[in-house]
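Welcome, and please open the model in your viewer with a cartoon representation. We will move from one selection to the next and look at what each one holds.

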Amino acid sequence: MDWLRIETWKAYERPQSEVTGNKTDPAQKDIKNLACVRKAENGKPAFCVEHDDDINDALFSPDGKYLITGSTDLSLRIWNASDGTLVKRFDFEDAVLDLDVHKNLLAVARDVRTLTIIDLDNLENASAVRNFDRNVGAGTVKFSPDGNYL
């Protein structure tokens with residue numbers, strides 16, 4: 001894969017060039033909420049994808065097929081990693097705070113409903129999405145190295 005990195009800017013991080021804006025920062029009201037992908041060979045932006053509010057996490061699927069972003073705008077978006085076109089959008093009742101992926105499984109930590117698991121190989125199938133509801137939210141999510149535990 002020839003991508004160098006995904007860049008995002010959260011409220012507590014120092015801004016860099018061509019990175020996500022933050023609507024909650026009064027000094028940055030005109031900046032858009034972007035996740036930008038840069039090419040490894042020259043560091044120039046390949047493309048940027050946009051959300052309606054702060055992007056909390058962004059990662060690539062293990063096979064390099066997707067760029068996946070989660071946002072305070074209550075959405076998870078799955079983009080084509082080659083050109084940044086939107087493949088699938090999931091809208092939730094609460095903010096997406098953190099993401100992790102193991103093989104074809106995407107774990108989504110959400111502010112109120114705790115955890116969602118999505119099968120990246122079956123995005124069009126409604127049964128590919130499983131929600132594990134709890135009374136409290138999950139700030140972070142991480143698969144164990146073997147992928148058997150969250």
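Two strands count as paired if DSSP finds at least two bridges between them. Keep that in mind for the first stop, in a model that is predicted.

**Stop 1: β9, β10 and β11**

Select residues 105–110, which are strand β9, and then residues 114–119, which are strand β10. These two strands pair in the antiparallel sense, over six bridges. To find one of the facing positions, show Leu 105 and look across to β10: Asp 119 stands opposite.

Now add residues 129–132, strand β11. Four bridges join β10 to β11, and this pair is antiparallel too. Which residue of β11 is the bridge partner of Thr 116? Asn 131 takes that place.

Before leaving, turn on a surface and hunt for β10. Six of its six residues are buried, so the rest of the structure largely encloses this strand. Buried here means under 20% relative accessible area.

**Stop 2: the β2–β3 hairpin**

Next, select residues 33–39 for β2 and residues 45–51 for β3. The two strands form a hairpin with five residues between them. Click on Gly 43 in the turn, and you should find a positive phi of about 75°. Six bridges join β2 to β3, which run antiparallel. One bridge to display is that of Leu 34, whose partner in β3 is Glu 50.

Is β2 largely enclosed or open? Six of the seven residues of β2 are buried, so the rest of the structure largely encloses it.

**Stop 3: the disulfide**

Stay with the hairpin and show the cysteine side chains as sticks. The structure holds one disulfide, and it joins Cys 36 to Cys 48 with an S to S distance of 2.0 Å. A disulfide is a covalent bond between the sulfur atoms of two cysteines. What does this one tie together? Cys 36 lies in β2 and Cys 48 in β3, so the link connects parts that are 12 residues apart in sequence.

If you query the dihedral about the S-S bond, it is 105°, and the link of Cys 36 and Cys 48 is right-handed. Color the two ends by accessibility: Cys 36 is buried, with a relative accessible area of 0%, whereas Cys 48 is partly exposed at 32%.

**Stop 4: the four-stranded open sheet**

Move on to the open sheet of four strands, which has the order β4-β5-β6-β7 and antiparallel pairing. Select residues 55–60 for β4 and 86–91 for β7: these stand at the edges, each with a single partner strand, so one side of each is left without a neighbour in the sheet. Neighbouring strands in this sheet are turned by 15° against each other on average, with direction ignored.

Then pick β6, residues 75–80, which pairs with β7 in the antiparallel sense over five bridges. Show Arg 77 and look across to β7, where Arg 89 stands opposite.

**Last stop: the whole chain**

Zoom out and select everything. The chain has zero helices and 11 strands. Of its 150 residues, 47% count as buried. If you draw a contact map, consider the contacts with a separation of 6 or more: residues 24 or more positions apart account for 38% of them. Finally, with the surface shown, the accessible area of the chain comes to about 8200 Å², of which 47% belongs to carbon and sulfur atoms.

Note on methods:
Residues are numbered from 1 along each chain as its sequence is written. This is a predicted model: local features need pLDDT of at least 70, side-chain atom pairs count only at pLDDT 80 or more; totals for chains, interfaces and linings use all residues. Side-chain values use heavy atoms; hydrogens and water are left out. A disulfide is a pair of cysteine sulfur atoms within 2.5 Å. Buried means under 20% relative accessible area, exposed over 50%, partly exposed in between (1.4 Å probe, protein chains only). Axes are lines fitted to C-alpha atoms, for helices over the stretch in contact, and angles run from 0 to 180 degrees between N-to-C directions. Contact means heavy atoms within 4.5 Å. Accessible areas come from the Shrake-Rupley method with a 1.4 Å probe; for residues, only the protein chains shown count as cover.
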